[in-house]
Amino acid sequence: MTVIACYCRGTLILTPAGEVPVEELAIGDRIVALAGEERPIRWIGYRAYDGRFIAGNRQVLPICVTADAMASGVPARDLYLSPEHSLWIDGVLVQAKHLVNGATIVQADGIDRVEYFHVELDEHDVIFADGAAAETFVDCDNRLMFANGAEYARLYPSEDRARWQFCAERLEWDSDELTDIRAALAWRAAALGHDLDPDPDLHLIVDGEIIRPEAANGRRHRFTVPAGAGEIEIASFSSVPTEIEPASRDVRRLGVPVERIVLHDADMQLEIGHGSEALSNGFHAAEPGHRWTDGRGRLSAALLAPFAGPLTLDLCLAPNALHYRPPSHLRSAA
């Protein structure tokens, strides 16, 4: 498993002389710790990734904690971290990947290139990065993941330091305290204007064209599909439950819960239940009574082949309480 806990290039670290970009720091420079002491840098780790090699890798893609996400002026500007990097919140350490809420704390979907730097002091501590309290490097058996990891042994050949020694408690994913912290961040996101909407903006995409429902009756939505249509996509907004509900630990990206789909014209009717194997591309595994799309559930051309002309598609959804962040509220960390 890749364990990366670092600051991105350009992150400003507080020193006695003011804020300095992390990539300009050097061994021996002094930085300001949480308690106010000036502490010398023992080592700086460095690693770069080309975007082609980390596409889709949520363990590596950077996370952006947007300005003011935690409090007014905290961080002072957008702070970019690796997913494993911990912030210091209410006396505990919380990894950035556990704070993503899709609004004020977001993870990049893709990047061209990212450079990561980490700063090590004589002991694990908390420093200030772009105005936010965040951890220094602690050896979690991951020193050699840095491009210059072997340098440390040359600098300190006789040292055998303790590993996994944190300066404060680091919260686990199932922690009740983490839920409280996530709830506070969600409240702040709402206060900053990042609203949630129960409307999934459900529509079809047929051969690249958007088709809106011509009728909706409760959870049943009716669409007219033109003759000769190829692949159909059931498209909607999507949400990751854990980013919307602080107590949730469901990390799937969910669109809408499909109960059944009925294709019909004047001569034929084809009903597709939620358990059908035909619902696989862009769908999650079937659950009792429904199957979630991921926001782009696809119906193959083979399902449409029996229909010679235009057809009607009735989409029946299961009851659900999922909310969504409209695209106007989303920010890209790329």
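Let us start at a salt bridge: aspartate 141 pairs with arginine 163, and their closest N and O atoms are 2.8 Å apart. A salt bridge here is a side-chain nitrogen of Lys or Arg within 4 Å of a carboxyl oxygen of Asp or Glu. This contact links distant parts of the chain, 22 residues apart: aspartate 141 sits in the loop between strand S14 (132–135) and helix H2 (150–155), and arginine 163 in the loop between H2 and H3. Helices (H or I, at least four residues) and strands (E, at least two) are DSSP runs, numbered from the N terminus.

Before going on, please keep in mind that this is a predicted model, in which local features need pLDDT of at least 70 and side-chain atom pairs count only at pLDDT 80 or more, while totals for chains, interfaces and linings use all residues. Residues are numbered from 1 along each chain as its sequence is written, and side-chain values use heavy atoms, with hydrogens and water left out.

Back at our pair, aspartate 141 is exposed, with a relative accessible area of 52%, and arginine 163 is partly exposed at 45%. Salt bridges that share partners join these two with Glu120, Asp139 and Arg143 into one network. For these labels, buried means under 20% relative accessible area, exposed over 50%, and partly exposed in between (1.4 Å probe, protein chains only). Within the network, aspartate 139 bridges to arginine 143 with closest N and O atoms 3.7 Å apart, and both of these residues are buried.

The structure holds 25 salt bridges. Another one brings together the side chains of glutamate 84 and lysine 97 (2.9 Å, N to O). The partners are 13 residues apart, glutamate 84 in the loop between strands S8 (79–81) and S9 (86–89), lysine 97 in the loop between S10 (92–95) and S11 (105–107). Glutamate 84 is buried at 6% relative accessible area, whereas lysine 97 counts as partly exposed at 32%.

Now follow the strands. Strand S19 (residues 232–235) points Ile232 and Ile234 one way and Glu233 and Ala235 the other, and all are buried. Two strands pair if DSSP finds at least two bridges between them. S19 runs antiparallel to strand S15 (residues 203–206), joined by four bridges; here leucine 204 has isoleucine 234 as its bridge partner. S19 also pairs with strand S23 (residues 296–299), again antiparallel and over four bridges, with alanine 235 partnered by arginine 296.

In strand S18 (residues 220–225) you will find phenylalanine 223, which is buried at a relative accessible area of 0%. Its C-alpha lies 9.7 Å from that of leucine 263, which is 40 residues apart from phenylalanine 223 in sequence.

A few backbone details deserve a look. Most residues other than glycine have a negative phi, and most peptide bonds are trans. Valine 74 and proline 75, however, are joined by a cis peptide bond with omega about -10 degrees, and proline 75 lies in the loop between strand S7 (63–65) and S8. Aspartate 130 has a positive phi of about 50 degrees; this residue is in the loop between strand S13 (126–129) and S14 and is buried at 2% relative accessible area. Aspartate 201 likewise has a positive phi, near 55 degrees, but is partly exposed at 23%, in the loop between H3 and S15.
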